[in-house]
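Before you read further, please look over the sequence and the model at your own pace. The note after them is meant for someone who has not met this structure before.

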Amino acid sequence: MAATARTPLISGNWKMNHNHFEAIQTVQKLAYLLHADDYEVVDVSVHPPFTDIRSVQTVLEADETPIRIGAQHCYFEEKGAFTGEVSPAMLAKLNVELVIVGHSERREIFGETDELVNQKVKAVFKHAMTPILCCGETLAEREAGGAEEKVSGQVRAGLAGLSAEQVASMVIAYEPIWAIGTGKTATADDAQAMCKVVRDTVAEVAGEEAATSVRIQYGGSVKGSNAAELMAQPDIDGALVGGASLVAEDFAAIVQYRSHG
Ligand code: PGA
């Protein structure tokens with residue numbers, strides 16, 4: 001596949017961490033640590049809990065900091081009697097640009113199915129935001145030799161009914177479940193091999209052009225010390241970072257992986 005200029009996307013998934021005061025401190029520190037030349041070569045997003053998004057938006061917009069605002073999930077309906085849920089329209093109104101969909105914690109803890117994930121991907125697009133569709137295998141699936149099948153199945157299901165243009169513009173995060181929050185990172189070779197499976201699957205369902213454009217992130221214990229090696233892989237276009245995104249210095253070191261490699 002021809003080499004392309006896919007701008008890397010480094011995303012911080014805060015999960016259920018940081019209240020809105022801590023969120024403000026973290027983005028202010030991050031804004032101080034990152035510089036114009038970082039934003040020229042890397043896209044950066046933070047995905048705080050819903051209760052923090054308005055505060056984070058206010059800080060970033062007041063200072064014109066080019067960190068993109070992300071969400072960790074949403075529901076697919078516009079509005080209505082869905083107690084506890086947040087709609088894509090509500091996120092779009094807060095200038096959220098990227099929404100993580102189908103994170104393994106949503107799938108494993110909250111029972112999100114491939115079908116629901118696909119509905120959410122479509123709803124995110126409907127509100128002109130970009131989905132970050134997550135996929136990844138468990139340790140048992142990997143040990144049984146089923147990693148590729150699991151991941152390509154999740155990608156196929158997640159992309160069902162999308163146009164090639166939509167697929168080209170989105171982000172897919174490959175996150176092996178056994179590497180999330182465990183300190184065990186996939187080797188750069190394993191991560192590359194699986195991200196290639198993702199790209200080949202995209203080529204099958206949406207064509208070569210979409211596969212060349214889609215950005216594929218690796219996620220699972222990414223830190224400053226391993227980011228450069230992962231990012232050097234031809235099919236890895238970014239990172240979805242959990243634990244290390246909570247501390248501004250640690251996350252900045254990942255965003256600035258070029259100088260830490
Ligand atoms: P981690 O989480 O970096 O803490 O492993 C990654 C993720 O779940 O997105």
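The numbered points below take up the ligand, the pockets, the cavity and two backbone details in turn.

1. A word on the source comes before anything else, since the model discussed here is a predicted one, and every value in the points that follow should be read with that in mind.

2. The ligand is a convenient place to begin, and it sits in the second largest pocket. That pocket holds about 200 Å³ of space, and its lining is made up of 18 residues, with Gly181, Ser221, Gly242, Gly243 and Ala244 lying nearest the centre. By class, ten residues of this lining are polar, five are nonpolar and three are charged.

3. Seen from the ligand itself, the surroundings consist of 13 residues, of which Lys15, His103, Glu175, Gly181 and Ser221 come nearest. This shell divides into seven polar, four nonpolar and two charged residues. Two of the names deserve a second look, because Gly181 and Ser221 are listed among the residues nearest the centre of the second largest pocket and also among those that come nearest to the ligand, where a residue counts as near if one of its heavy atoms lies within 4 Å.

4. Which polar atoms approach the oxygen atoms of the ligand, and at what distance? An N or O atom in the side chain of Lys15 is 2.7 Å from an oxygen atom of the ligand, and for the side chain of His103 the distance from an N or O atom to a ligand oxygen is 2.7 Å. In the case of Gly181 it is a polar backbone atom that takes part, at 2.6 Å from an oxygen atom of the ligand. The ligand on its own has 280 Å² of accessible area, and the protein covers 95% of this area.

5. The largest pocket should be described separately, and its volume is about 450 Å³. It is lined by 15 residues, and those closest to its centre are Lys15, Met16, Gln72, His73 and Arg106. Two elements, α3 (50–62) and α5 (104–110), each give two or more residues to this lining, and α5 supplies the largest share with four residues. The lining comprises seven nonpolar, five polar and three charged residues. A reader following Lys15 will find this residue both here, among those closest to the centre of the largest pocket, and among the residues that come nearest to the ligand.

6. How many cavities of 30 Å³ or more are counted? The count comes to one, and the volume of the largest cavity is about 30 Å³. Its lining is formed by Gly102, His103, Ser104, Arg107, Cys134, Cys135, Gly136, Gln154 and Glu175, with α5 and β5 (130–135) as the elements that give two or more residues. Five of these lining residues are polar, two are nonpolar and two are charged. His103 and Glu175 belong to this lining, and both are also named among the residues that come nearest to the ligand.

7. Finally, two residues call for a check of the backbone. His18, which is found in the loop between β1 (9–13) and α1 (20–33), has a positive phi of about 75° although it is not a glycine. Glu64, in the loop between α3 and β3 (68–71), likewise has a positive phi without being a glycine, in this case of about 50°.

Key:
Residues are numbered from 1 along each chain as its sequence is written. This is a predicted model: local features need pLDDT of at least 70, side-chain atom pairs count only at pLDDT 80 or more; totals for chains, interfaces and linings use all residues. Side-chain values use heavy atoms; hydrogens and water are left out. On a 1 Å grid over the protein atoms alone, a cavity is a set of points where a 1.4 Å probe fits but cannot get out, and a pocket is an open set with protein on both sides within 12 Å along at least five of seven lines; lining residues have an atom within 4 Å of a point. Grid points are joined across faces, edges and corners, and a volume is the space filled by probe spheres set on the points. Ala, Val, Leu, Ile, Met, Phe, Trp, Tyr, Cys and Pro count as nonpolar, Asp, Glu, Lys and Arg as charged, and the others, Gly among them, as polar. A polar contact is a pair of N or O atoms within 3.5 Å; within protein, one must be able to donate a hydrogen and the other to accept it, and residues adjacent in sequence count only if both atoms are side-chain atoms. Accessible areas come from the Shrake-Rupley method with a 1.4 Å probe; for residues, only the protein chains shown count as cover. A molecule sits in a cavity or pocket if more than half of its atoms lie within 2 Å of its grid points.
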